[in-house]
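Morning, everyone. I have one structure to walk you through today. Please put it up on the screen.

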Amino acid sequence: DESWGLAIIDISDPTNPGSPEYVSTSGPATAVAVDGNYAYVAAESSGLAIIDISDPTNPGDPSYVNTLGDPRYFGGIGSAEGVSISGNYVYVANYQHGLSIIDISNPLSPQNIARSWFNGYAMDVVVRDNYAYVAARSIGVAKIDISDPKNPGTPTFINTNGTAEGVTISGNYVYVADGSTGLAVISLAGGVVSYENTIDHANGVFVSGNYAYLACSGDSEALAVINISDPEKPRTAFYGNIKGNSAYGVTVAGKYVYLAANQDGLAVFNNVNDITHSIGLKGNLTLPNPGSNGSLSSTSTIKINVENQPPKISDAIFSLKENSLSGTVVGTVNAVDPNDDLMLFEIINGNSDKAFKINDKTGVLTVDNSTKLDYETTSKFLLIIKASDGALSDTATVIVNLIDVNESINQPPSIM
């Protein structure tokens, strides 16, 4: 909470969150990570605040460690904006001062050990294996080798079309809340592989299952949800709204989505990981001033309800010369999905002798065993092919007519 520091809220009943317990920080609190009995709070110019939360109902007072800044700028004072923990180290997105690394092997005596400066605005950071990925606004994502945390490598940069505000990793991809561009997806093996627009400015991102959740700010929608079952072809976003239309952080736990809703506190949504394609706002906890009680407003309003519809696959008739070589293209089976979901194709009947195979992603039907294509034995194949979006499916009948070939012209002359 930028105004009041760390707010601790009981969410044992997510539809009725408890009143917040506050720990004031001397600088605006912009991000938090928890490890064991301690919360590590990015507190802008006050640096990193470390708070004992072994008793969440009675948290301790914060202690501080300044984040290293470049002495050439702002008197060398850093501004902690984002925080990530890996092992015994805290990695801090340090705004105009790049990445700061703090040793927390003893949380009561944290030590600044290194920084990696670059010319950008570090807003968020995530760590995977030996690399830190820093959302750095207009210069995109900075990738930094931290295999030796005391001696981080020189940053390399992955440019994005927007302003990288938030970052997370899932599987083999980096997901970026890319400001006005929406969602940017970066392959760990290379550069940006896809974008998906959001109505409003994307500030934070969290991935759970096949969905990316984005906290947004603007005039319309605070929560954008994007199907990333194929990260290189993300689906069109659908949305959930809150009173203030603005959010800056998001996470998912169990069946619920928790949204840091700016001045409106904490918003709790139904999770959509069950692929129902609907978002329902379950409650909104307005964070009061310290010493006051919070108030929960509930609503049963469904902001978006998009029904998942099955794919539509078309029947087809193809002709093919008998004895065609394996790998010969027979034709393409066409299908469309009303929800633009990723489809998979499968031959489910009529191919017991394995004469054909189908590309599960493109629907291209090819010869798999040319010895089975004998007109005199079988002149026509009737295949049943299924297209599925993972939840719903449709089937089509595909007929392959063999063309008789005069095989005698290829036979050697007989000896009388």
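Let's start with one residue: which residues does Ser84 touch, not counting those up to four places away in sequence? Keep that in mind while you find Ser84. The model is a predicted one, by the way.

Here is the list. Ser84 touches Tyr89, Val90 and Tyr91. Val125, Val126 and Val127 are on the list as well. Now, where is Ser84 placed? Ser84 belongs to strand β7, which covers residues 82-86. And is Ser84 buried or exposed? Its relative accessibility is 11%. The cut-off for buried is under 20%, so Ser84 counts as buried.

Now zoom out to the protein chain. What is its secondary structure? The count is 37 strands and 0 helices. The chain has 416 residues, and 49% of them are buried. Next, contacts. Take those in the chain with a separation of 6 or more. Residues 24 or more positions apart account for 48% of these. The accessible surface comes to about 19,400 Å². Carbon and sulfur atoms hold 45% of that surface.

Next stop, a hairpin. Find strand β23, residues 249-253. Its partner is β24, and the two pair in the antiparallel sense. How many bridges join them? There are 5. For one pair of bridge partners, look at Ala253 and Tyr256, the latter in β24. Between the two strands of this hairpin sit 2 residues. Gly254 takes a positive phi there, near 60°.

Stay with β24 a moment. It spans residues 256-260. Why do we call β24 largely enclosed by the rest of the structure? Because 4 of its 5 residues are buried.

Last stop, a sheet. It is an open sheet of 4 strands, and the order is β15-β16-β17-β18. The pairing is antiparallel. Which strands are at the edges? They are β15, at 166-170, and β18, at 192-196. Each of these pairs on one side only. Neighbouring strands in this sheet are turned by 20° against each other on average, direction ignored.

Let's look at one pairing in that sheet. Strand β17, residues 183-187, pairs with β18 over 4 bridges, in the antiparallel sense. Leu183 has Glu196 of β18 as its bridge partner. As you trace the strands, keep one general point in mind. In a regular strand, side chains alternate between the two faces of the sheet.

That's my tour. Over to you.

Conventions
Residues are numbered from 1 along each chain as its sequence is written. This is a predicted model: local features need pLDDT of at least 70, side-chain atom pairs count only at pLDDT 80 or more; totals for chains, interfaces and linings use all residues. Side-chain values use heavy atoms; hydrogens and water are left out. Buried means under 20% relative accessible area, exposed over 50%, partly exposed in between (1.4 Å probe, protein chains only). Contact means heavy atoms within 4.5 Å. Accessible areas come from the Shrake-Rupley method with a 1.4 Å probe; for residues, only the protein chains shown count as cover. Two strands pair if DSSP finds at least two bridges between them. Axes are lines fitted to C-alpha atoms, for helices over the stretch in contact, and angles run from 0 to 180 degrees between N-to-C directions.
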